Amino acid sequence: MSNAKPLILVSNDDGITSKGILTLINVMKRIGDVLVVAPDSPQSGMGHAITVGESLRLEENFIFENVQAFECSGTPADCVKMARHFVLKGKRQPDVIVSGINHGSNTSISVLYSGTMSAAIEGAIEGTPAIGFSLCDYSHDADFSHTEAYIEKITREVLAKGLPKGVALNVNFPPASQGPIQGIRICRQANAKWEEEFDQRFDPNGRRYFWMVGAFVNFDKGEDNDEWAIANNYVSVVPCQFDLTAHTTIPLLNEQWTILDRADSTHTEVSEYRIPGKEDRG
């Protein structure tokens, strides 16, 4: 791999044989040197799970032309860890990590369950700029062609400008069936969620099992969120962080709770929360 080109680590959650990852690899080959470490089977909905208490397997796969690739028995987060700390141990580390292209939406609350985004967030944890790409089309043979130019532009922008430390981008595309893309919107995560139900069923032996069903409900009426962007045929870009602390709630709890030891200043003083700025970019 040439040091003159950026090194790009590619992973996903749909598995190494998915159409989405092939599209992403082909775009990344225009930009730099590509290394693939991806799950050997679908890992959708795994969130940020990692493999503990059992073995991990890693095998080289020659499915992609002129690209070194490995398939891993673990989760997307495992794949990034294996890439950085085994495949690239003692070698040059990635300049950017890209994950996807996911077959299906990862807007709003889905980002918490997303294996695609877990690979990107793992990159952010390690201090590497990272992007998760998803297409709002669950079809196995989905049309990704309209995403390619935008994926290249966004990736090149991140390589040129960087991202604040600890931040990964969650990028979603409307399906090709909606017509031409209107542009790119930097968004917040919509206030929306799945309202699940559990359908009780019985197998041929009479043993009970459950199948999760439900409907997606959008409570958000704003025009600055990812659900609005996708509905209006924009590419949504949501900056995400792994720090889940509700920083604005710390002063509230310090003020309201009576169980705190007020004599201990460490319980009452809250350090100022600062949004990472340009000086923090990796």
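**Close-up 1. The start of helix α4 in the predicted model**. At the beginning of α4, the backbone nitrogen of T116 has a side-chain oxygen of S114 within 3.1 Å. Helix α4 itself spans residues 115–125. After α4 comes G127, which has a positive phi, near 85°.

**Close-up 2. The surroundings of helix α4**. Ten of the eleven residues of α4 are buried, so the helix is largely enclosed by the rest of the structure. The buried residues are G115, T116, M117, S118, A119, A120, I121, E122, G123 and A124.

**Close-up 3. The residues listed as "binding site"**. An unreviewed UniProt entry lists D13, D14, S44 and N102 under this heading. These residues are spread over 90 residues of sequence, yet they cluster in space, with a largest C-alpha distance of 8.9 Å. The lining of the largest pocket includes D13, D14, S44 and N102.

**Close-up 4. D13 and its contacts**. D13 is located in the loop that lies between β1 (7–11) and α1 (19–28). Its relative accessibility is 3%, which is under the 20% cut-off, so D13 counts as buried. Leaving aside residues up to four places away in sequence, D13 touches P39, S41, P42, Q43, S44, G45, P76, N102, G115 and T116. Among these contacts, G115 and T116 are also buried residues of α4.

**Close-up 5. S44 and its contacts**. S44 is found in the loop between β2 (33–39) and β3 (58–61). With a relative accessibility of 45%, S44 counts as partly exposed. When residues up to four places away in sequence are not counted, S44 touches D13 and D14, which also appear in the UniProt list.

Methods. Residues are numbered from 1 along each chain as its sequence is written. This is a predicted model: local features need pLDDT of at least 70, side-chain atom pairs count only at pLDDT 80 or more; totals for chains, interfaces and linings use all residues. Side-chain values use heavy atoms; hydrogens and water are left out. Buried means under 20% relative accessible area, exposed over 50%, partly exposed in between (1.4 Å probe, protein chains only). Helices (H or I, at least four residues) and strands (E, at least two) are DSSP runs, numbered from the N terminus. A polar contact is a pair of N or O atoms within 3.5 Å; within protein, one must be able to donate a hydrogen and the other to accept it, and residues adjacent in sequence count only if both atoms are side-chain atoms. UniProt positions are given in the numbering used here, feature names are shortened, and annotations may be inferred rather than shown by experiment. On a 1 Å grid over the protein atoms alone, a cavity is a set of points where a 1.4 Å probe fits but cannot get out, and a pocket is an open set with protein on both sides within 12 Å along at least five of seven lines; lining residues have an atom within 4 Å of a point. Contact means heavy atoms within 4.5 Å.
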